[in-house]
Amino acid sequence: MKKPPHTRLLPFAALMLASVAAHATPVPTLSGDRPLVIAHRGASGYLPEESVQAYQLAMKMGADYIEGDVYLTADGKAVMLHDGTLNATTNVVAYAATHPEIAALRSANGAYDVTKFTLAQLQQLSVTCRNANGYCTDKSYFDPSLSYSFTSYDAFLDLVYDNYLDTGIAIGVFPEAKQSGLAVAEAILAGLNNPKYNGYFNTAGRALTQSFNAAQVDYLNANSAIPVSYLGVCPTTAAAAASVAAIADGIGPSTGQLSAACVNAAHGAGLTVMPYTYLNNPASYATGYNLGVDGVFTNFPDIAANVRDQIFGPAEVPEPQSLALMGLGLAGIAGLTRRKRG
Ligand code: G3P
Ligand code: CA
């Protein structure tokens, strides 16, 4: 029986795919791709969280995405900080001792609220190590003589985009709307859509967004094609997962919430699963990867990447013969297309 023209390419296509996948290990993620390494507040296990240097180290360590938390300042600028106050992760207390205009921003309870500061005032501060397990726990990369730089949201996006221009390596960003209200979600999308990035963050694999707040998730979902994760939820039934899927593309449960039932229900509804926060215990990554998580928020991106390589093998790089076959296949498909048009 005579075959239609396109079926003559099928054995060829099968050969191409077999060749590319020859060394692949099955991966239990939603897409079948290896899980993403998401550097949580940068490489925050090594350097002060949300600092320029922590984000840069995360990119050097092979993170797929750089995560960071976003607030708006008193003058409406988006900035990167996890806490709503500056006390635990900046030098604000010491700085205020010699700067009365900064001391005047202190609340009665001693807290320095980020939303009371202008961007220019925040840029006078340096970012410091949080005194908590998993943050600057490993001092291998820490230089005590260095001042670690506070990061505006614009600078956060610039770092990743400029890294792409310099190296050709496309890394994504994963900003979280941390402040309540929709204004911060609006600012996140405005930054990602800034024309100066030439569509970089609107390209698949270059940006994800996230929030614990359903109204913010709904806003991010309704106003952008960039996938959004709903944090702090882990549905275990098809019905519960479907209701999350109505407003989100993925979930970001805590590692304590994570279960096989949740991964299965989420994947069944087409939701990705990217739990937080993985620290420096390699076994915890293996547990998550084997459950089928689609990504891990990690303070130690190098550990996350190493364990991923051990379990699933290194990233697939098409071999020269595969590339040649792909080229021939594409040429054949192009020929068919031309014939159809003609
Ligand atoms: O964004 C994922 C994870 O970061 C949520 O927790 O408190 O570290 O922002 P948190
Ligand atoms: Ca976060």
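This report describes the nonpolar cores, the disulfides and a calcium site of a predicted model.

## Nonpolar cores

The largest nonpolar core comprises 69 residues. Within this core, the residues that touch the most other members are I66, Y153, L192, F201, I251, Y285 and Y289.

Leaving aside residues up to four places away in sequence, Y153 is in contact with V70, A78, V79, M80, P175, A187, I188, G191 and L192. A second core of 18 residues is separate from the largest one, and V79, L81, Y112 and L125 are among its members. V79 is thus named both as a contact of Y153 and as a member of the second core.

## Disulfides

Two disulfides are present in the structure. Counting bonded cysteines along the chain, the connectivity of the protein chain is 1-2, 3-4.

One disulfide joins C129 to C136, with 2.1 Å between the sulfur atoms. Its torsion about the S-S bond is about -85°, so this disulfide is left-handed. The two cysteines are classed separately for accessibility: C129 has a relative accessibility of 24% and therefore counts as partly exposed, whereas C136, with a relative accessible area of 2%, is buried.

The other disulfide is formed by C234 and C262, whose sulfur atoms lie 2.0 Å apart. The torsion about the S-S bond of C234 and C262 is about -95°, and the disulfide is therefore left-handed. This pair links distant parts of the chain, its cysteines being 28 residues apart. C234 lies in the loop between β9 (228–231) and α9 (238–245), and C262 belongs to helix α10 (residues 260–268). Both C234 and C262 are buried.

## Calcium site

The calcium ion (ligand 2) is coordinated by E67 (OE), D69 (OD) and E176 (OE), at distances of 2.1 to 2.3 Å. The site of this calcium ion has six donor atoms, with angles of 55 to 162° among them, and is irregular.

Along the sequence, the donor residues follow the spacing E-x1-D-x106-E. D69 and E176 connect distant parts of the chain: D69 is in strand β2 (residues 65–72) and E176 is in strand β7 (residues 172–177), 107 residues apart. D69 counts as buried because its relative accessibility is 0%. E176 is likewise buried, with a relative accessible area of 4%; the cut-off for buried is under 20% relative accessible area.

Notes
Residues are numbered from 1 along each chain as its sequence is written. Chains are lettered from A and ligands numbered from 1 in the order in which they are written. This is a predicted model: local features need pLDDT of at least 70, side-chain atom pairs count only at pLDDT 80 or more; totals for chains, interfaces and linings use all residues. Side-chain values use heavy atoms; hydrogens and water are left out. A nonpolar core is a set of buried Ala, Val, Leu, Ile, Met, Phe, Trp, Tyr and Cys residues joined through side-chain atoms within 4.5 Å. Buried means under 20% relative accessible area, exposed over 50%, partly exposed in between (1.4 Å probe, protein chains only). Contact means heavy atoms within 4.5 Å. A disulfide is a pair of cysteine sulfur atoms within 2.5 Å. Helices (H or I, at least four residues) and strands (E, at least two) are DSSP runs, numbered from the N terminus. Donors are N, O and S atoms within 2.8 Å of the metal (3.2 Å for Na, K and Ca); water is not among the atoms, so sites may look incomplete. Four donors count as tetrahedral if all angles lie between 85 and 135 degrees; four count as square planar and six as octahedral if opposite donors are over 155 degrees apart and all others between 65 and 115; anything else is irregular.
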